[in-house]
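Welcome, and please open the structure in your viewer. We will go from stop to stop, and at each one you will hear what to select and what is there.

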Amino acid sequence: MTVEKQKAHLILPGDKDVQLDVITDNMGNNSIDIERLRANTGYITYDPGFANTGSCLSSICYIDGEKGILRYRGYDIEDLVENCDFIEVAHLLVKGVLPNASERKNYQMLLNKHSMLHYNMQNFFRSYPQDAHPMSILASMVASLSAFYPEMEERDPEENIDLTVTRMLSKMRTIAAFIYRQANGLQFVDPRWEYMYCENFLNMMFYTPVNNYHPNPVHVDLLNKLLILHGDHEQNCSTSAVRLVGSSEANLYASVAAGVCALWGPKHGGANQAVMAMLKNIVDNDIPVDDVIEKAKRKDNPFVLSGFGHRVYKTFDPRAKIAKKMNLTMLNAEHREDKLLEVALKLEEKALTDDYFIERHLYPNIDFYTGIMFHMMGFPQQMFTVLFAMGRTPGWIAHWLEWRHDIHQKLGRPRQVYVGPMERKVVPLDQRP
Ligand code: SDX
């Protein structure tokens, strides 16, 4: 990154010429440094949804939305999905480097060591209604970790961070599995020392004493790949929530819990669940795909094509391409057809030849095809966004750590454009009309 000698000139009313530094990042993208704008001019900027605002300097993830490029710490997502497992990618995101064989083994052992939940936490799960939305339980359980592992409460020394990061990464998986077990009236299954991250999760989800369950290696591989696809994605809504909460020096658990809540929404991580509901509705009611496309284009109703469109990608989301290929590979391997996938492929084909979608650069995003994978692996629809959160946890942790170590960062506190009432006096209660 360089702060070029180049200057941007902002000509304010009264012909005031304000010179602002131009920052050019490592990929040649330019930004205008407005850090001193209000102090020097009294002006602020207005940017709803922060679509044009860089909130930080970051070295974790890079997206080129026009070319459909996604890299974690410089590695293409395709390369990582093909050649790594989730533990390696979590290590890469959190520590900045891919582990060698012994580091990977040690990391795996450390995560397993911290994968149990405090016994008293288990009572919480049982007090939730069985039809509670999993994300409501996930958010509160993640925040509750700070009650049971309070080392983060004090102004923790850096060495504590590593332990807390490991606990967060590992216990997210256990909480996710326990949420499923509670919803289905099943006993909790503890993690096993001999299983790797994804095997353990599948076992904690689906094992019962009467089904002699062993994690299907094909599903273990697919889950590793799916969690990698969800690993990180620059300053998306939930990651920005984690950074903002972390900027108040709230502990990691509280910050990640904020990320869980932000991810829940159907415009963000909740879209994978919305995609599945949309596809099931089309299949169950035999709705013509053309009708669905036409309805998504109309503005007289709130329906949008879930899993389509993206704030940054204006071409195919590379993760959607990978997930689509994984779907097709899985079906071919199991000599199966899947009505949901058939409908998804038809929707994609229709949308990508329709001017409305073309003009707005609306393409399938990560959520369009991943839900079908989760469904084929036996996960209930209500769990999809929890799975997204599991994948995104190393990314959230990496950004929380990066904000914490960034000498430029301060408490996050945006400004506003005020459109409320002018000053007025209170009328005494007995005189109000
Ligand atoms: C994720 O940011 C990230 O990186 C997120 C994520 C990650 O990994 O963290 O990639 C994960 O959240 C993916 C997105 C999942 N959400 C969905 O699939 C929900 C459906 N998509 C839309 O809600 C929408 O595309 C957004 C929210 C994703 C992006 O919206 P923007 O960038 O704010 O764009 P917009 O809403 O201003 O849309 C521009 C136009 C509008 O029409 P016009 O006003 O120009 O007439 O496109 C239309 C929108 O109505 N539009 C859609 C549409 N998405 C946008 N129309 C129909 N169907 C859609 N899906």
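**Stop 1: I34.** Select I34 first, in a model that is predicted. Leaving aside residues up to four places away in sequence, I34 touches L20 and T45. You will find I34 in the loop between β3 (30-32) and α1 (37-41). Is I34 buried or exposed? Neither label fits, because its relative accessible area is 35%, which makes I34 partly exposed. Now add T53, which lies 19 residues from I34 along the chain. The C-alpha atoms of I34 and T53 are separated by 10.0 Å.

**Stop 2: the whole chain.** Zoom out and switch to a cartoon view. The chain has 18 helices and 6 strands. Its C-alpha trace spans about 80 × 65 × 55 Å along the principal axes. For 433 residues, a compact globule would have a radius of gyration near 22 Å, and the 24 Å of this chain agrees with that. Color by burial if your viewer allows: 49% of the 433 residues count as buried. How much of the contact network joins residues at least 24 apart? Among contacts between residues at least 6 apart in sequence, the share is 70%.

**Stop 3: a sheet of strands.** Select residues 61-64, which form strand β4, together with residues 69-72, which form β5, and residues 75-76, which form β6. These 3 strands make an open sheet in the order β4-β5-β6, with antiparallel pairing. The edge strands are β4 and β6, each pairing on one side only.

- β4 and β5 pair over 4 bridges, and C61 stands opposite Y72 in β5.
- β5 and β6 pair over 2 bridges, with R71 opposite D76 in β6.
- The hairpin of β4 and β5 has 4 residues between the strands, and G68 there takes a positive phi near 70 degrees.

Show the side chains of β4 next. C61 and I63 point one way, Y62 and D64 point the other way, and all are buried.

**Stop 4: helix α11.** Select residues 252-263. Helix α11 has 12 residues and reaches 16 Å from its first C-alpha to its last, close to the 16 Å expected at 1.5 Å a residue. How many residues of α11 are buried? The count is 9 of its 12, so the helix is mostly covered. Among them are L252, Y253, V256 and V260. Look also at the start of α11, where a side-chain oxygen of N251 comes to within 2.9 Å of the backbone nitrogen of Y253.

**Stop 5: helix α15.** Finish with residues 339-351. The 13 residues of α15 should span 18 Å at 1.5 Å a residue, and its end C-alpha atoms are 18 Å apart, which agrees. Highlight L340, L341, V343, A344, L347, E348 and A351, which are buried in α15. Where do they sit when you look down the axis of α15? They fall within an arc of 160 degrees, so they line one face of the helix. To see what they pack against, add α12 (271-284), α13 (289-297), α14 (318-333), α16 (355-359) and α17 (366-376). Last, select D338, which caps the N-terminal end of α15: one of its side-chain oxygens lies 2.9 Å from the backbone nitrogen of L340.

Technical notes
Residues are numbered from 1 along each chain as its sequence is written. Side-chain values use heavy atoms; hydrogens and water are left out. The expected span of a helix is 1.5 Å times one less than its number of residues. Buried means under 20% relative accessible area, exposed over 50%, partly exposed in between (1.4 Å probe, protein chains only). The arc is that of the directions from the helix axis to the C-beta atoms. Contact means heavy atoms within 4.5 Å. A polar contact is a pair of N or O atoms within 3.5 Å; within protein, one must be able to donate a hydrogen and the other to accept it, and residues adjacent in sequence count only if both atoms are side-chain atoms. Two strands pair if DSSP finds at least two bridges between them. The radius of gyration is taken over C-alpha atoms; the globule rule is 2.2 Å times the number of residues to the power 0.38.
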